[in-house]
Amino acid sequence: MSPATVRRKRAGRARSALLGAVGVLVAFAACEALGRSGTVRSAFLPPASEVLVRAVELGGDTAFLNGVGATLQAWATGLALACALAIPLGLLLGSVPAAAQATRVLIEFLRPVPSVALIPLVSLLLGAGSETTVALVTYACVWPVLFNTVYGLGETDPLAKDTLRAFGFGRLAVLLMAGLPSAAPFIAAGVRIAAGTALILAVAGEILAGFGEGLGTFIAQAGMATDGTRDVLAGVVWAGALGLVINLALTAVERRLFPWAPEHRGSGT
C-alpha cells in the first residue's frame, strides 16, 4: 500500500476520533445545560459535571472497584466459555456441510431468542448469582463468534485447499493450515462484537438480580435510594467507559495480529 494511502487512512481515523470527541462534548454540554437550567429536575437529571465528579470519586471506592472486578470476572468467564464452545463448533459446521444441515433448524430456532428473555428461567435454575450472569453472557456471545467462524471458513481460498489436498494432506490438516488462518480475522471480529454484548448482559443480569457484588448491583441499589440518580448515572459512565476501553483494546489486538485484513491495511502499526 502506497504511503499516500496510509496517510489518508490515518487522517480518516484522526478525523473520526475528533468527531467522536466533539459529539461527546456536545452531549456533555447539553446535559449540563439541562441540569443547571432547571428545565429538568436535578433529581432526575443532575448536571453532567456532578455525575462526572461522582464517577471519579467512585474510582477511589474499594467496595465499588471490587464490584467492577466481579462484573469483569463474569464478563471474561462468559466470553471465554462462549469462545471455547463457538469456535470449535463453527469450524465443524463450516467444514462439514452435513453437520451444518443437521443443526440448521436448531440454530435458527435458538438464535432469535434474546438473552434477556432467559433471565427468569436461568435465575430459577441457577439462582440469582454469578452463575446466572455467566450463563447469560455465554449464551449471548456464542452467536457472533459462531457465525463469524463459519463465514470466515467460507472465505478460505479454494486454491490453497486444493494445493494442500494435492500434496496429500487430509481434511483436518487442510482445516488447520488453510481454513483456520483464513477465518482468524473473522473470529477476532466476532469476539470483539461479543465482548460488547457480554458486558451489557453482565451488567443487566446484575441489575435484575439486585443483590450480590457487581457494577449492575451498584446501579440497581443506587436506583432504589431516595437521591440515587447521580450514583446511577455515574455507574452508567463506568459501564460505558469499560465498554469503550474493551473495544479499543480488542481493535488494537486485531490490528496487530491481522494487519493483512482489509480493514487494517495501512494502519501503521
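## Burial and the overall fold

A residue counts as buried when its relative accessible area is under 20%. That cut-off is applied here to a predicted model. Buried residues make up 35% of the 269 residues in the protein.

The secondary structure consists of ten helices and zero strands. Read from the N terminus, the elements run α-α-α-α-α-α-α-α-α-α. The C-alpha trace spans about 75 × 55 × 30 Å along its principal axes. Take the contacts with a sequence separation of 6 or more. Residues 24 or more positions apart account for 68% of them.

## The largest nonpolar core

The largest nonpolar core holds 45 residues. Five of them touch the most other members: W75, L79, C141, L146 and L215. Several helices give two or more residues to this core. They are helix 2 (48-58), helix 3 (62-95), helix 4 (97-110), helix 5, helix 6, helix 8 (171-209), helix 9 (215-224) and helix 10 (229-257). Which helix gives the most? Helix 8 does, with eleven residues.

L146 shows what such a residue meets. Residues up to four places away in sequence are set aside here. Beyond them, L146 touches A86, L89, G90, L93 and I107.

## A198: buried in helix 8

A198 sits in helix 8. Is A198 buried or exposed? Its relative accessibility is 0%, so A198 counts as buried. The reasoning is short: 0% falls under the 20% cut-off, and therefore the label applies.

Leaving out residues up to four places away in sequence, A198 touches W75, V137 and C141. Two of these, W75 and C141, are also among the core residues that touch the most other members. A198 and F258 are 60 residues apart along the chain. Their C-alpha atoms are separated by 23 Å.

## T71 and A21: two further positions

T71 lies in helix 3. Its relative accessibility is 1%, so T71 counts as buried. Which residues does T71 contact, once neighbours within four places in sequence are left aside? They are L199, A202, V203, E206, G214, L215 and G216. One of them, L215, is also among the core residues that touch the most other members.

A21 belongs to helix 1 (residues 3-37). Its relative accessibility is 37%, so A21 counts as partly exposed. That value lies between the cut-offs of 20% and 50%, which means that neither buried nor exposed applies. A21 and F64 are 43 residues apart in sequence. In space they are 27 Å apart, C-alpha to C-alpha.

## Helix 8 against helices 6 and 10

The axes of helix 6 and helix 8 come within 7 Å and cross at roughly 155°. The two helices are therefore roughly antiparallel to each other. The step rests on the cut-off: angles over 145 degrees count as roughly antiparallel. The crossing of helix 6 and helix 8 is right-handed. By class, their contact has 20 nonpolar, nine polar and one charged residues.

Helix 8 also packs with helix 10. Their axes come within 10 Å and cross at roughly 175°. That angle makes helix 8 roughly antiparallel to helix 10. On the helix 8 side, the contact uses P185, A188, A189, V191, R192, A195 and L199. On the helix 10 side, it uses A239, L242, G243, I246, N247, L250, T251 and E254. By class, this contact has ten nonpolar, three polar and two charged residues. L199 of helix 8 is also in contact with T71.

## Helix 5 against helix 6

Helix 5 (residues 119-126) and helix 6 (residues 130-154) pack with their axes 9 Å apart. What is the angle between them? It is about 135°. That makes helix 5 oblique to helix 6. Helix 5 passes helix 6 in a right-handed crossing.

Helix 5 makes the contact through I119, V122, S123 and L126. Helix 6 brings E131, T132, A135 and L136. By class, the contact has five nonpolar, two polar and one charged residues.

Technical notes: Residues numbered from 1 in each chain as written. Predicted model: local features only at pLDDT ≥ 70, side-chain atom pairs only at ≥ 80, totals over all residues. Heavy atoms only, no water. Axes fitted to C-alpha atoms, helices over the stretch in contact; angles between N-to-C directions. Helix = DSSP H or I, 4+ residues; strand = E, 2+ residues; numbered from the N terminus. Parallel < 35°, antiparallel > 145°, perpendicular 65-115°, else oblique. Left-handed = near helix turned anticlockwise from the far one by under 90°. Contact = heavy atoms within 4.5 Å. Nonpolar A, V, L, I, M, F, W, Y, C, P; charged D, E, K, R; others polar. Core = buried A, V, L, I, M, F, W, Y, C linked by side-chain atoms within 4.5 Å. Buried < 20%, exposed > 50% of the residue type's maximum accessible area, 1.4 Å probe, protein only.
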